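Let's practise turning a label into a reasoned argument. Each question asks for the grounds behind a word, and each answer sets a value against a cut-off.

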Amino acid sequence: MNNNLIQEIPKTELHLHIEGTLEPELMFSLAQRNHIKLPFASLEKTKEAYNFSNLQSFLDVYYQGANVLINEQDFFDLTFAYLQKAASQNIVHTEIFFDPQTHTDRGIPFATIINGINQALIKAKEELNISSYLILCFLRHLSEESAFQTLEEALKYQDQIIGIGLDSSELGHPPSKFKNVFKKAKEAGFLTVAHAGEEGPPEYIWEAINILGVSRIDHGVRCLEDQKLIDYLRETQIPLTVCPLSNVKLKVFNSIQEHNLKKLLDLGLCVTVNSDDPAYFGGYLVENFLAIKDGLNLTDSEVKKLVENGFKASFLPEELKLVNFFRFTQLLTPQLF
Ligand code: HPA
Ligand code: ZN
């Protein structure tokens, strides 16, 4: 498939942390606007600091960057900048993670965060015709008690939040740590997802499925170490939101050529492609597609399958999934067949 077509096909993005879209330029301008001193001397030094050795080394920089977000306008500017970028890559629907505890723990009110983000989603729907859902992630390095407090806040904004997720430092913080709070979230009507099997073992993926009852696994690439899990994921078609450039940047794989995404696809799993934290990992969604297409020699029908899976795995109502399938199948038909 040629690169222009990858750019043009209507796409979804289902694994995207809004705090991970903070480009160094915006970080610097918000730091100035809010009189915050950054630990980086210059834009160039900031980019140099983006040399990560694992998930934790990234998270340390990522949480520092988020300190520049103070006012509703900051959350609006951050979110609208991502949605403009997404629309320019023909993403027609996106399901966005946000990490309220990163901000509420610094004294920023929950309302400031969600109002800023939500205003940007509304404007982008009107002006850019991109639809979005919000997924609130609990930080798994914090306690379940803190997650419960965050869920209390979320309940006040349930019309604006479709689901609950789990992110941050995976090792040592298994999904089972959040069993009770996920149970309460599901009872309240939230959909659920969880990061699992990025750095953590297949057992964490099982826990996310069996104990948290998630609809999707974020990352999940370590499922290949467990044949029973592969069989289960194939049978149930529980989607994996895979993030190729992130996995290389955080050394889950040594190179894009060594990424297991093609193996996962060959095994019949519902794999999707996503950018995770694009401002930190060197590429938005199209760059992720191009990297795997070239690095793994994907065929046209494999790329098409990945895009199709993005719609299938989304939380869009079935009728909207069908409309989107139709749109992109029409666009692809003359080129593929
Ligand atoms: N993994 C866990 N937590 C995160 C990530 C990730 O890839 N990105 C932002 N928070
Ligand atoms: Zn992530």
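Q: What do buried, exposed and partly exposed mean?
A: Buried means under 20% relative accessible area, exposed means over 50%, and partly exposed is what lies in between. Keep in mind that this is a predicted model.

Q: Why is Arg33 called partly exposed?
A: Its relative accessibility is 40%. The partly exposed band lies between 20% and 50%, so Arg33 counts as partly exposed.

Q: What makes Asp77 and Arg33 a salt bridge?
A: The test asks for a side-chain nitrogen of Lys or Arg within 4 Å of a carboxyl oxygen of Asp or Glu. Here the N to O distance is 2.8 Å, so the pair passes.

Q: Which parts of the chain does this pair link?
A: Distant ones: Asp77 is in helix H5 (residues 72–88) and Arg33 is in helix H2 (residues 24–33), 44 residues apart. There's a third partner too, as Arg33, Asp74 and Asp77 are linked in a network of salt bridges.

Q: How many salt bridges does a search of the whole structure find?
A: It finds 17. One of the pairs is Arg216 with Glu95, whose closest N and O atoms are 2.8 Å apart. Arg216 sits in strand S6 (residues 216–219) and Glu95 in strand S2 (residues 91–98), 121 residues apart, and that pair also links distant parts of the chain. Arg216 and Glu95 are both buried.

Q: Why do Asp266 and Lys262 count as a salt bridge?
A: Their N to O distance is 3.7 Å. The cut-off is 4 Å, so the pair qualifies.

Q: How do you know that Asp266 and Lys262 are about one helical turn apart?
A: They are four residues apart in helix H13 (residues 261–266), which means a separation of about one helical turn. As a general rule, an α-helix has 3.6 residues a turn, so residues three or four places apart point the same way.

Q: Are Asp266 and Lys262 exposed or partly exposed?
A: Asp266 has 53% relative accessibility, so it counts as exposed. Lys262 has a relative accessible area of 25%, so it is partly exposed.

Q: What makes helices H8 and H9 roughly parallel?
A: Helix H8 (residues 144–155) and helix H9 (residues 179–187) pack at an angle of about 15°, with their axes 9 Å apart. Angles under 35 degrees count as roughly parallel, so H8 is roughly parallel to H9. Their crossing is right-handed. Among the residues making the contact are Phe148 and Leu151 of H8, and Val181 and Ala185 of H9.

Q: At what angle do H5 and H7 pack?
A: H5 and helix H7 (residues 110–128) pack at about 35°, with their axes 7 Å apart. The crossing of H5 and H7 is right-handed. Residues that meet there include Phe76 and Phe80 in H5, and Ile113 and Ile117 in H7.

Q: Why is helix H15 called largely enclosed?
A: Just count: eight of the 11 residues of H15 (residues 285–295) are buried, so the helix is largely enclosed by the rest of the structure. The buried ones include Leu285, Phe289 and Ile292. After H15 comes Asn297, whose phi is positive, near 50°.

Q: Which residues have the most contacts inside the largest nonpolar core?
A: Phe98, Leu261 and Tyr280, in a core of 107 residues. Leaving aside neighbours within four places in sequence, Phe98 is in contact with residues including Ile18, Phe110, Leu134 and Ile161. In general, nonpolar side chains tend to be buried together in soluble globular proteins.

Q: Why are Asn67 and Thr329 both called partly exposed?
A: Asn67 has a relative accessible area of 31%, so it is partly exposed. Thr329 has a relative accessibility of 30%, so it gets that label too. As for where they are, Asn67 is in the loop between helix H4 (55–65) and H5, while Thr329 lies in helix H17 (residues 318–336). Not counting residues up to four places away in sequence, Asn67 touches Ile36 and Arg106.

Definitions and conventions:
Residues numbered from 1 in each chain as written. Chains lettered and ligands numbered in written order. Predicted model: local features only at pLDDT ≥ 70, side-chain atom pairs only at ≥ 80, totals over all residues. Heavy atoms only, no water. Core = buried A, V, L, I, M, F, W, Y, C linked by side-chain atoms within 4.5 Å. Buried < 20%, exposed > 50% of the residue type's maximum accessible area, 1.4 Å probe, protein only. Contact = heavy atoms within 4.5 Å. Helix = DSSP H or I, 4+ residues; strand = E, 2+ residues; numbered from the N terminus. Axes fitted to C-alpha atoms, helices over the stretch in contact; angles between N-to-C directions. Parallel < 35°, antiparallel > 145°, perpendicular 65-115°, else oblique. Left-handed = near helix turned anticlockwise from the far one by under 90°.
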